[in-house]
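Got the viewer open? Here's a walk through the model, stop by stop, with something to select at each one.

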Amino acid sequence: MDREEQSHAAQAQKANLGQLFPDHGYAQSLYGTRAGLTAITRTQVQDFHREAYAAGNAQITLVGDLTEEEAQRIGAQISAALPLGPATAAIQPVTSPAAPGLLRIERPSTQAYLRLAQPSALRNSPDYVALQMAMRIFTNRLTNELRERRGLAYRVEADLSALQAQGWLTIELQTRPEQADAVLAHIKTMFNDFLTQGPTQQELEDSQQQLTGSAPLNSATNAQILRQLYAISTQNLPLDLDFATQAALKLNLVSIKNALNRHYHADQWRAVILGPKTDQQPLPAPGESATNAMCRVPDMQQQSTT
């Protein structure tokens, strides 16, 4: 909890989730609040343990040098050691996301923390792979424009969540405080153009080639395979470690553009700017030497200033 309170990135994320999921558990901190932790009683903890840590809620995934028969026997032994217990209630869907808007949070910092988010597809949606490929492409666009051409961010990423009740798309970066407004507006313009035009054929082929090269590394260890099997089970996905990669390699420009426009809107961003209050400046012109003046990630002491 202390680390979350000291991290500006975590504070920006928490505020952004509050915009997306008001009155829903996803808006709450994983670590709780000081008042909430103080109010919890031993009896409440025991009651929760009896309800949640039961065979009815167990998902047992085994990866390693063992046969299916051995895995089933071990799984049965683990399950038998747990109380039976009923399955807990499913996570409630998000029914009323907050209206689009911008939240400014003033904090002393050498950087401004920007987060943009809007609702997206669930992980088991037929459009998810197309949207995931689209965000790989859009991340490359953002990196080229904001880092390489203008030196405004060290790292920027557009990414999709994989939670069970509601998906969301986020764009996250750090930039100079005096250009936070201009960067935010530029990202929105770029995304609007992306929805209107979709990716180019060259962007799609480059991303597919990159995916082909990196995919085997995602199943190189037992731990990686375990994480993939966990996602397959919780998200009700095909029982195939390679299904998403193969689906991505079959995508074309039309399928990606159609998926983008089914799920996203240029004017539906919930945005957070967290950082010092300062006079705003326009975007710098793109130049060959932009990366030499790139805004750098502050050291840990600066990041933890509150």
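Start by selecting helix H7, residues 180-197, together with helix H11, residues 253-263; this is a predicted model, and in it the axes of these two helices come within 8 Å and cross at roughly 125°. An angle between 115 and 145 degrees counts as oblique, so H7 is oblique to H11. Now show side chains at the crossing. On the H7 side you want Phe194, Leu195, Thr196 and Gln197, which meet Lys257, Leu260 and Asn261 of H11. Colour that contact by class and you get three nonpolar residues, three polar and one charged.

Keep H11 on screen and swap H7 for helix H6, residues 128-149. H6 and H11 pack with their axes 9 Å apart, at an angle of about 100°. That falls in the 65 to 115 degree range, and the two helices are therefore roughly perpendicular to each other. From H6, pick Ala130, Leu131, Met133, Ala134 and Met135; their partners in H11 are Ser255, Ile256, Ala259, Leu260 and His263. What does this contact look like by class? Eight residues are nonpolar, two are polar and none is charged. Leu260 is worth a label, since it turns up in the contact of H11 with H7 and also in the one with H6.

Next stop, the sheet. Hide the helices and show the strands: five of them form an open sheet, ordered S1-S5-S2-S4-S3, with mixed pairing. At the edges sit S1 (101-106) and S3 (156-160), each of which pairs on one side only. Going from one strand to the next, the twist averages 15°.

Zoom in on S2 (residues 112-120) and S5 (residues 270-275). These two run antiparallel and are joined by five bridges. For a landmark, click leucine 114, which stands opposite isoleucine 273 in S5.

Now bring back the helices that lie on the sheet. Helix H2, residues 8-20, lies across S1, S2, S4 (167-175) and S5, and runs at about 155° to S5. H6 packs on the sheet too, touching S2, S3 and S4, and its direction makes about 170° with that of S3.

Last, the charged pairs. How many salt bridges are there? The count comes to nine. Select arginine 115 and glutamate 172: they form one of them, with the closest N and O atoms 3.3 Å apart. This pair links distant parts of the chain, as arginine 115 is in S2 and glutamate 172 is in S4, 57 residues apart. Are the partners buried or exposed? Arginine 115 is buried, with a relative accessible area of 4%, while glutamate 172 counts as partly exposed at 31% relative accessibility.

Then move to arginine 150. Its salt bridge is with glutamate 145, and the closest N and O atoms are 2.5 Å apart. Both arginine 150 and glutamate 145 are buried.

For contrast, try arginine 147 and glutamate 148, whose side chains meet in a salt bridge at 3.2 Å, N to O. Glutamate 148 is partly exposed, with a relative accessible area of 37%, and arginine 147 counts as partly exposed as well, at 24% relative accessibility. To finish, select Glu145, Arg149 and Arg150 together: salt bridges that share partners join these residues into one network.

Conventions
Residues numbered from 1 in each chain as written. Predicted model: local features only at pLDDT ≥ 70, side-chain atom pairs only at ≥ 80, totals over all residues. Heavy atoms only, no water. Axes fitted to C-alpha atoms, helices over the stretch in contact; angles between N-to-C directions. Helix = DSSP H or I, 4+ residues; strand = E, 2+ residues; numbered from the N terminus. Parallel < 35°, antiparallel > 145°, perpendicular 65-115°, else oblique. Contact = heavy atoms within 4.5 Å. Nonpolar A, V, L, I, M, F, W, Y, C, P; charged D, E, K, R; others polar. Pairing = 2+ DSSP bridges. Salt bridge = Lys/Arg side-chain N within 4 Å of Asp/Glu carboxyl O. Buried < 20%, exposed > 50% of the residue type's maximum accessible area, 1.4 Å probe, protein only.
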